[in-house]
Amino acid sequence: MMKRRPFLTSLAASAALLLGFTACSKSGSDAAAGNSGDSQLTVGFAQTGAESAWRTANTNSLRNEAEKRGIELKFADGQSKQENQIRAVRSFIAQGVDAIVIAPIVETGWDPVLREAKRANIPVVVMDRTVATSDESLYAAFVGSDFYEEGRMAADWLAENAGDRTNIVELQGEPGSAAANERRKAFADALAKHPNLKIIDSQTGNFRRAEGKTVMEAMLKTHGDAIQIVYAHNDDMALGAIQAIEEAGKTPGEDIMIVSIDAIKEAVQAVADGKMNCTVECNPLFGPKIYDTIEAILAGKPVEKKSYNKDELFDQTNAAAALPSRQY
Ligand code: GZL
C-alpha cells in the first residue's frame, strides 16, 4: 500500500501545466488526480533534455519500462537547464510523488533541492551523471556509468592503435557535466603515460551533433592537416565531426582517426563502415534497474549506494558482428 501524499497544490498544478509535465503511463484524468491509485507507484523524472540520441534512448527506456510496470511516470524535460530540473523536482515534491529520478545536467548546485526532497521523505535516485554533494545521505542511490573508465578505455585503445599519429583535437561534452569532466580527466591522465600523443585543441560541442560539426569545421580551418585524431566525448559530436571532415574533402577513419563514446547504433555502424575507429559503450537503457532500485527502496530493502553499468568497446574487430544486437 503506497503512503498517501499531500494532494497537488494549486501552485504546483500551475507549475506542472506551465512546464508541460506529462504523465506517461496513466490516462489524463488519473494523472491529473495525482496519487489517486494508492497501489500504483508514482515517479517524478527530471531529465536533462534531448541533446543527443543517447538521451532519447535513455528517456525511452524509462518511459517504456514505466508503461510495462504500470508505474505513473511524471516526466519533465529540463531543456538542458539545471533551473528547469530543480523547478521540476520541487513540483514533484509538491505533488507528493513516491520517488524522484534526476539525471543531473551538471554536477554542482543540487544540495538545497535534495534537502527539500529528504524533508518530504521522498527518496531521490540519481541516474546517469553524478552530483557533487557534501552529504551523500541526500540521495538514496546512484545508478549510472563509469565515465572515467570510458575515457581511459578510449585513450588506451588510441595508444595501442594510433601508429605514428600524434595530434588530437578533443570535442568536449556539456561544460560542468560529470560525463564531460570525467571523460576529459581520464583521457588526459592516460595521455600522461603516452607523451607521443598530445591534445592540440579542445572545445565543447555540448554533446550535440550540429555543434560537433561546427566546432570541427572551425578546428579544420585553424589546424588543417595537423589534425590526425578526433577524441569526442560522445557519438553525436563525432558523427557531426565526420560530416565536417568529409565536407573538407578528407576521409574520416583514415586521414583523421575518430575515437568516441556512447556506442549508439549509428556510431557502431560508422565503425563497421570504417568512418569511425572506435566507440566505447555507455549504455543508456536504465529503465529496469532504476525501477528495481526504487521498488527496493520503498520496500525498505537495502540497495547499492552506487551501481555502474558494464561498458564494452567497439572497433573494426567487433563492430559489424555487434550491429544486429544493438538496442539503441
Ligand atoms: C553519459 C551521458 C551523456 C552521453 C551523451 O552517461 O550523460 O549525455 O554520453 C548524453 O550522449 O548527451
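**Exercise 1.** How far does a polar side-chain atom of D262 lie from an oxygen atom of the ligand?

*Solution.* The model is a predicted one. In it, the separation between a polar side-chain atom of D262 and a ligand oxygen is 2.6 Å. A pair of N or O atoms counts as a polar contact within 3.5 Å. Two arginines can be examined in the same manner. For R129, a side-chain N or O atom is found 2.7 Å from an oxygen atom of the ligand. For R55, the corresponding distance to a ligand oxygen is 3.1 Å.

The next step concerns exposure. On its own the ligand has 310 Å² of accessible area, and the protein covers 100% of it.

**Exercise 2.** Determine the composition of the shell around the ligand and the domains that supply it.

*Solution.* Begin with the residues: E51, S52, W54, R55, D128, R129, F147, R183, F207, N234, D262 and C282 surround the ligand. Sorted by class, six are charged, four nonpolar and two polar. Then consider the domains: domain 1 (11-145 + 284-309) and domain 2 (147-282) each contribute at least three residues to this shell.

**Exercise 3.** Which cavity does the ligand take up?

*Solution.* First, count the candidates: there are two cavities of 30 Å³ or more in the structure. Second, assign the ligand: its space is the largest cavity. Third, describe that cavity: the largest one holds about 90 Å³ of space. Its lining comprises 13 residues, of which W54, R55, R129, R183 and D262 are the closest to the centre.

Note on methods:
Residues are numbered from 1 along each chain as its sequence is written. This is a predicted model: local features need pLDDT of at least 70, side-chain atom pairs count only at pLDDT 80 or more; totals for chains, interfaces and linings use all residues. Side-chain values use heavy atoms; hydrogens and water are left out. A residue is near a molecule or strand if one of its heavy atoms lies within 4 Å of it. A polar contact is a pair of N or O atoms within 3.5 Å; within protein, one must be able to donate a hydrogen and the other to accept it, and residues adjacent in sequence count only if both atoms are side-chain atoms. Accessible areas come from the Shrake-Rupley method with a 1.4 Å probe; for residues, only the protein chains shown count as cover. On a 1 Å grid over the protein atoms alone, a cavity is a set of points where a 1.4 Å probe fits but cannot get out, and a pocket is an open set with protein on both sides within 12 Å along at least five of seven lines; lining residues have an atom within 4 Å of a point. A molecule sits in a cavity or pocket if more than half of its atoms lie within 2 Å of its grid points. Ala, Val, Leu, Ile, Met, Phe, Trp, Tyr, Cys and Pro count as nonpolar, Asp, Glu, Lys and Arg as charged, and the others, Gly among them, as polar. Domain bounds come from an automatic or database domain assignment. Grid points are joined across faces, edges and corners, and a volume is the space filled by probe spheres set on the points.
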